[in-house]
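Biologist: Before we use any labels for this model, I would like to hear the reasoning behind them, step by step. Could you take me through the sheets, the helix packing and a few single residues?

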Amino acid sequence: MNLQLTEGKKLRKVHFYGHAIPYLEDVEIKGKFIVIEGPDNSGRTTQIELLSSKLEADGHGVMNAGLRRSELMGEGIAEAKKSYILGKRTMSLFYAADFADQLENKIIPALRAGYIVLSDRYIYTLMARDAVRGISKSWSHNLYGFALKPDLLFYLDVEPKELAHRVFKKNSSLDYYESGVDLGLSENMLESYIIYQRLISKEFKRMERKYSIIPIDGNRDIMEINIDLQKRIDGFLTSN
Amino acid sequence: MAIEKMDIRKEMEGKLIVVEGIDGSGKSTQIRLLEKWFRSREIPVFLTEWNSSDTVKQITSKGKKKGTLTPITFSLLHATDFADRYERNILPLLHAGYVVLADRYIYTAYARDITRGCNPEWVKKVYEFAVKPDITFYFSVHVDIAVERILSGRPKLKYYEAGMDLNLSNDPYESYRIFQSRIIDQYNSMVSSENFVVVDGTMEIEESQKFLRSHAMKLFEPSSINSRRSISV
């Protein structure tokens, strides 16, 4: 790790949502942890790229993280999704295992070394998906008790119809899970997609206060959203 | 809500019989004999083993080879395996009236994960979705006897099997022994709270089986058949 980047930064304790990983309870970090949540095609990835470049240009060490990227089972989940045979609880635990692996092996080490970690999605997407599938919120909340709280948490909120347009611009078809087809919401795939995206968005609204989620209007154009996010992040970095 | 509320209460017709205990305690031999017994009586029966979901195994084997598992990921991978068997086999078969025999159940996860340092309440809540067994037979045996049974052939112990991730000893055999004795401590702490039926793991095979069958028989007495439980799905 580059020692120069971490010089002069103060160590601080991390905060968890519930029962932390016992051997990580007292871990101290120097970096900052920023999460961007939002549905597929909400512009998350583009925004993370733009923010990363700007932060790096300003001299910060930046590391990107995201769901389904762990060495342990990132590939495995992709396989499982193709076969459509796993139950909701099984899928949920699979994602949790993948997430835990990334948290322990990637996110926490980077934060200890003083990096700004930008995470493309985090546990809230997983909890929202579980909630609309009927899994109890208290169960999910406990499951992710070992997750550390981000310093900043944004949710890119985009109208489901606008999302559908963006999908069709890129692909000719809607994704099975992103349309909630496993929930049997509608015979019509587009309708199913819209209903499902609304349910997820509603879950995010419900979680807003509990998890200090900052909603960002994602219907605007890329640069407008970027200026908005960058301003909030800069404000946070100068005051902390 | 576009989907119906999922916590409909359902009647369970089947019976769930579980065996627990450390490796070498004799439980697997006994549950296989129970399976034969049910089959010979033409009672629909299904046997499920810990860490045996093919789907999950295929997906995780790559990861297991590549990465080092931490206590949390280790715990969650086993929970995923359990959930897959639970959602696809155990629960539907219980609803269909089967006798489901489980060679290890949630108590194995409690014992191992807590020994590895996971928070006990966290682990218990993760497995909260699983229905409690009708009977749990706990095979109690002194650690030296069980370890001797397993190690007499000097098998090659796997890293996690020997508890090497806990840094108990550099010698895998010594590590295994310490790890198993800690798991026994965890089991012992659950005996009364989880209503374990304790089986003396040093009994002769025939004697043990007689004991298990006499207990299992009670589940099929008229009074017991009428007292159906309900569980949430």
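Modeller: In this predicted model, 5 strands of chain A form an open sheet in the order β4-β5-β3-β6-β7, and the pairing is parallel. The edge strands are β4 (62–66) and β7 (214–217) of chain A, each of which pairs on one side only, and the twist averages 25 degrees from one strand to the next.

Biologist: How do you know that strand β3 of chain A pairs with strand β5 of chain A?

Modeller: The criterion asks for at least two bridges between two strands, and 5 bridges join β3 (residues 32–37) of chain A to β5 (residues 116–120) of chain A, so the two count as paired, and they run parallel. Within this pairing A:Ile34 stands opposite A:Leu118 in β5(A).

Biologist: What makes β3(A) and β6(A) a pair?

Modeller: Set against the requirement of at least two bridges, the 4 bridges between β3(A) and strand β6 (residues 152–157) of chain A suffice, and the sense is parallel. A:Ile34 appears here too, standing opposite A:Leu152 in β6(A). From β6(A) the sheet continues to β7(A) over 4 bridges, again with strands that run parallel, and A:Tyr155 stands opposite A:Pro215 in β7(A).

Biologist: Which strands stand at the edges of the sheet in chain B, and why are they called edges?

Modeller: The sheet of chain B is open, with 5 strands in the order β3-β4-β2-β5-β6 and parallel pairing. Its edges are β3 (45–49) and β6 (196–200) of chain B, because each has a single partner strand and one side of each is therefore left without a neighbour in the sheet. The twist averages 20 degrees from one strand to the next. Further in, 4 bridges join strand β2 (residues 15–20) of chain B to strand β5 (residues 135–140) of chain B, which run parallel, and B:Val19 stands opposite B:Phe137 in β5(B).

Biologist: Why is helix α6 of chain B called oblique to helix α7 of chain B?

Modeller: Helix α6 (residues 143–151) and helix α7 (residues 172–190) of chain B pack at an angle of about 135 degrees, with their axes 10 Å apart. Roughly perpendicular covers 65 to 115 degrees and roughly antiparallel begins over 145, so α6(B) is oblique to α7(B). The crossing of α6(B) past α7(B) is right-handed. On the α6(B) side the contact is made by B:Val143, B:Ala146, B:Val147 and B:Leu151, and on the α7(B) side by residues including B:Tyr173, B:Tyr176 and B:Arg177. By class, this contact has 7 nonpolar, 2 polar and 1 charged residues.

Biologist: What describes the packing of helices α5 and α8 in chain A?

Modeller: Helix α5 (residues 123–132) of chain A and α8(A) pack at an angle of about 115 degrees, with their axes 9 Å apart, and α5(A) passes α8(A) in a right-handed crossing. The contact is made by A:Tyr124, A:Ala128, A:Ala131 and A:Val132 of α5(A) and by A:Leu199, A:Ile200, A:Glu203, A:Phe204 and A:Met207 of α8(A). By class, there are 8 nonpolar, no polar and 1 charged residues in this contact.

Biologist: How do you know whether A:Ser212 is buried or exposed?

Modeller: A residue is called exposed if 12 or fewer other C-beta atoms lie within 10 Å of its own, and A:Ser212 has 12, so A:Ser212 is exposed. A:Ser212 is placed in the loop between α8 (189–207) and β7 of chain A, and its phi is near 50 degrees, a positive value in a residue other than glycine.

Biologist: Why is B:Asn51 given the exposure class that it has?

Modeller: Buried would require 20 or more other C-beta atoms within 10 Å and exposed 12 or fewer; B:Asn51 has 14, and is therefore partly exposed. B:Asn51 lies in the loop between β3 and α2 (54–66) of chain B, and has a positive phi of about 55 degrees although it is not a glycine.

Biologist: What makes B:Glu161 count as it does in terms of exposure?

Modeller: B:Glu161 has 15 C-beta neighbours inside 10 Å and so counts as partly exposed. B:Glu161 is found in the loop between α6 and α7 of chain B.

Conventions
Residues numbered from 1 in each chain as written. Chains lettered and ligands numbered in written order. Predicted model: local features only at pLDDT ≥ 70, side-chain atom pairs only at ≥ 80, totals over all residues. Axes fitted to C-alpha atoms, helices over the stretch in contact; angles between N-to-C directions. Parallel < 35°, antiparallel > 145°, perpendicular 65-115°, else oblique. Left-handed = near helix turned anticlockwise from the far one by under 90°. Contact = placed C-beta atoms within 7 Å. Nonpolar A, V, L, I, M, F, W, Y, C, P; charged D, E, K, R; others polar.
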